[in-house]
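Here are my notes for your first reading of this structure. Keep the model open beside them and find each element as it comes up.

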Amino acid sequence: MIEIRRILCPVDFSDHSRHALHHAAAIARWYESMITLLYVHPFVPDAAAAAGAPAFTPFVVTAADREKLLASMKSFGEHEILSGVPVYVEVTQGTVAPEILDRAKTLAADLIVMGTHGRSGFERLMIGSVTEKVLRQASCPVLSVPPRAEDAGTFAPLFKRILCAVDFSDCSMRALHYALALAQEADARLTVLNVVELPADAHERLPHLSPGVREYVAAVEEDHRQRLGAAVPEAVRAYCAVETMMVPGKPYREILRVAGEQQSDLIVIGVHGRGAVDRLFFGSTTQHVVRQAACPVLTLRA
């Protein structure tokens with residue numbers, strides 16, 4: 001059983017964050033949760049002073065500015081407020097991602113719901129997005145809602161076709177536990193996917209490889225098959241439809257392919273704490289999935 005009592009929904013008044021708010025509200029109705037809408041007004045970094053040049057004064061939100069922003073936020077969430085979802089609005093100032101993470105911690109949020117903006121590849125490569133920075137460090141699950149995801153509307157449950165990708169790491173097994181609970185509560189269809197990172201044409205090439213390589217590939221696949229079968233408790237199958245699937249290939253490509261073929265409403269995936277250099281130059285499975293998925297992506301850290 002999952003308890004989602006407190007949802008933090010950072011907004012920037014864009015259509016992307018409104019789209020995320022609709023999803024947050026649908027989840028709040030299903031779980032009888034409260035939503036905290038948070039707007040973070042960024043400081044202008046004093047980079048000039050650090051370089052020895054004359055400093056400039058960062059913009060500071062005044063009391064009057066804060067009141068106007070709070071009024072705008074109430075208007076932004078008016079539909080949800082009028083529909084009976086408890087919505088609280090807050091304004092703060094600082095560096096956006098750290099402020100969101102700090103508020104999630106003090107609020108003891110059970111879930112963060114954020115929209116993704118679909119920025120250019122170069123910008124994402126060099127600085128990342130706020131959403132990616134949050135999902136890498138948040139202690140609670142983060143739901144990333146892309147612009148192309150279908151609108152949540154007012155129906156419940158929100159997710160009926162769930163795809164959970166596992167690689168048997170601690171974070172992916174936590175993701176699986178969460179996905180199983182979501183599927184049981186929503187009577188959803190859950191696909192548990194394991195991608196064996198082999199070339200897509202590995203099986204066609206096997207007859208031409210040495211016996212040692214063939215034995216190694218077979219042993220890896222058998223190990224994954226057994227672990228995948230053991231990952232889903234038999235008792236769960238009485239409450240929801242669960243299928244397991246194992247495919248070779250590049251993990252993020254196969255996750256996106258299967259999600260597209262199954263028209264998944266939600267992808268659930270664990271977040272690995274990889275190093276900054278690795279993320280900068282190679283990205284990660286989670287980053288690729290969050291950036292390219294057509295449906296919301298729920299990420300969990302171990």
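The points below go from confidence to the sheet, and then to the helices.

1. **Confidence overall.** This is a predicted model. The chain has a mean pLDDT of 83. Of its residues, 80% reach 70 or more. Strand β1 (residues 6-10) has the highest confidence, at a mean of 97. Helix α6 (residues 121-127) has the lowest, at 40.

2. **Two stretches to treat with care.** Over residues 120-127 the pLDDT is below 50. Beyond near neighbours in sequence, the model gives this stretch nine contacts. Residues 276-282 also stay under 50. There the model has seven contacts beyond four places in sequence. Where pLDDT is low, predicted coordinates should not be read in detail.

3. **The sheet.** How many strands form the open sheet? There are 10, and their pairing is mixed. Trace them in the order β3-β2-β1-β4-β5-β10-β9-β6-β7-β8. At the edges are β3 (87-93) and β8 (241-248), each pairing on one side only. On average, neighbouring strands are turned by 25° against each other, direction ignored.

4. **One strand pair up close.** In general, strands of a sheet pair through backbone hydrogen bonds, either parallel or antiparallel. Look at β6 (residues 161-165) and β9 (residues 266-271). They pair in the parallel sense, over three bridges. Ile162 stands opposite Leu266 in β9.

5. **Helices on the sheet.** Helix α3 (residues 63-76) packs on the sheet and touches β2 (34-41) and β3. Its direction makes about 145° with that of β3. Helix α7 (residues 130-137) lies across four strands: β4 (111-115), β5 (142-145), β9 and β10 (297-301). It runs at about 160° to β4.

6. **α5 against α7.** Helix α5 (residues 96-107) packs on α7 at an angle of about 40°, with the axes 9 Å apart. The two helices are therefore oblique to each other. Their crossing is right-handed. From α5 come Val96, Ala97, Ile100 and Leu101. They meet Val130, Lys133, Val134 and Gln137 in α7. By class, the contact has six nonpolar residues, one polar and one charged.

7. **α7 against α13.** Which helix meets α7 with axes 11 Å apart? It is α13 (residues 285-292), and the packing angle is about 140°. So α7 and α13 are oblique to each other. This crossing is right-handed. Glu132, Leu135 and Arg136 in α7 meet Thr286, Gln287, Val290 and Arg291 in α13. The contact divides into two nonpolar, two polar and three charged residues.

8. **α11 against α13.** The axes of helix α11 (residues 251-262) and α13 come within 8 Å. They cross at roughly 35°. Here too, the crossing is right-handed. Pro251, Tyr252, Ile255 and Leu256 are the α11 residues in this contact. Their partners in α13 are Thr285, His288, Val289 and Gln292. The contact has five nonpolar residues, three polar and no charged ones.

9. **What to take away.** Start from the open sheet of 10 strands, with β3 and β8 at its edges. Then place α7, which lies across β4, β5, β9 and β10. Add α5, which packs on α7, and α13, which packs on α7. Finish with α11, which crosses α13. Leave residues 120-127, with pLDDT below 50, out of any detailed reading.

How values were computed
Residues are numbered from 1 along each chain as its sequence is written. This is a predicted model: local features need pLDDT of at least 70, side-chain atom pairs count only at pLDDT 80 or more; totals for chains, interfaces and linings use all residues. Side-chain values use heavy atoms; hydrogens and water are left out. Two strands pair if DSSP finds at least two bridges between them. Axes are lines fitted to C-alpha atoms, for helices over the stretch in contact, and angles run from 0 to 180 degrees between N-to-C directions. Contact means heavy atoms within 4.5 Å. Angles under 35 degrees count as roughly parallel, over 145 as roughly antiparallel, 65 to 115 as roughly perpendicular and the rest as oblique. A crossing is left-handed if the near helix is turned anticlockwise from the far one by less than a right angle, and right-handed if clockwise. Ala, Val, Leu, Ile, Met, Phe, Trp, Tyr, Cys and Pro count as nonpolar, Asp, Glu, Lys and Arg as charged, and the others, Gly among them, as polar. pLDDT is the predictor's confidence in each residue, from 0 to 100.
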